[in-house]
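Here are some short exercises, each with a worked solution. Have your viewer open and try each task before you read on.

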Amino acid sequence: MKAKQMLSILTILTICLFANAQEKPHCIYEDCGFDPGQIVYLFGDHVQLREAPMTESKVLKTLAIGGRVIVHEKHENSWRYKGVDHHFYKVDYKGIKGYVLGGLLALERKTINNVVHLFGRAKNNDEDYLLIRTLQEDGSFKEKSTRLHNGQFYLTDLGTKGLPNIEGALLVDYLAEACGAEGGGIYLFQQEGELHQVARISQVSDAGAYYFWEEFIFPEDTHGVAGKIRYKKEVGESYDENALWKKKSIETKELVWANKGLKLAKQ
């Protein structure tokens with residue numbers, strides 16, 4: 001790979017990481033969790049706020065999904081929920097202090113066009129999943145899930161990016177901290193109050209010997225095309241630096257969002 005090409009890719013990586021530098025990534029590992037003083041929202045419904053950090057403890061109040069609590073501290077006691085061992089947290093709900101299982105607290109809340117989405121975790125065997133609960137007007141929720149290929153990620157609100165027929169877009173933005181780690185992420189579009197998984201993109205670089213880079217270029221982006229999504233995939237390998245033996249391939253296509261799915265654009 002030419003030095004200029006590698007520099008370009010590293011620059012993109014640096015920009016992505018810098019843009020999220022002030023945010024805390026979500027994480028599926030044991031040492032991850034909520035911080036004291038953090039405001040979080042209930043991912044579970046009919047959540048039991050308990051007097052002590054155990055399932056047999058007295059229930060102080062039953063809380064509805066989407067309710068707001070303030071985290072005080074994490075307790076060493078844990079309980080399995082959706083295939084994941086979660087710690088109990090001491091929280092404050094409107095002045096009432098008690099304990100809630102961490103799996104019943106949302107990783108994050110996103111609101112798009114007045115529709116509230118709450119995000120949680122699940123595990124099935126060795127596979128990790130992101131759960132998405134979308135609140136309905138009657139107080140119920142609809143749930144979807146998508147498999148995660150990286151244990152650390154941001155949830156980035158992209159707006160509409162200039163696309164017609166969508167109310168907003170979210171990116172599950174993988175944090176790739178090491179060479180060879182899976183980068184890229186998952187795009188979700190909201191249409192008619194519902195989130196739809198649009199596509200997965202992958203971005204991997206392995207110490208200059210190999211890189212695989214997919215990206216979406218939206219209408220609002222530099223070199224964007226009105227009403228369309230430009231897809232670009234670039235793959236490069238370095239076989240022998242001394243002999244300047246390298247190979248690079250590029251694939252591009254234009255896509256449109258129609259009937260709740262991506263389709264090839266018609267010229």
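Accessible areas here come from the Shrake-Rupley method with a 1.4 Å probe, and for residues only the protein chains shown count as cover. This is a predicted model: local features need pLDDT of at least 70, side-chain atom pairs count only at pLDDT 80 or more, and totals for chains, interfaces and linings use all residues. Residues are numbered from 1 along each chain as its sequence is written, and side-chain values use heavy atoms, with hydrogens and water left out.

**Exercise 1.** Work out how much surface the protein chain exposes, and what share carbon and sulfur atoms supply.

Solution. Start with the total: the protein chain exposes about 14,500 Å². Next, split it by atom: carbon and sulfur supply 49%. Then turn to the inside: of the 267 residues, 42% count as buried (under 20% relative accessible area; over 50% is exposed, in between is partly exposed; 1.4 Å probe, protein chains only).

**Exercise 2.** Find the disulfide (a pair of cysteine sulfur atoms within 2.5 Å) and say whether Cys-27 is buried or exposed.

Solution. First, the pair: Cys-27 is joined to Cys-32, S to S 1.9 Å. Second, the twist: 60° about the S-S bond, a right-handed link. Third, the cover: Cys-27 counts as buried because its relative accessibility is 12%, while Cys-32, at 24%, is partly exposed.

**Exercise 3.** List what Val-91 touches, leaving out residues up to four places away in sequence.

Solution. Apply the contact cut-off, heavy atoms within 4.5 Å. The partners of Val-91 include Leu-49, Val-69, Ile-70, Val-71 and His-72. Further along, Val-91 also touches Ile-96, Lys-97, Gly-98 and Val-100.

Notes. A disulfide is a pair of cysteine sulfur atoms within 2.5 Å.
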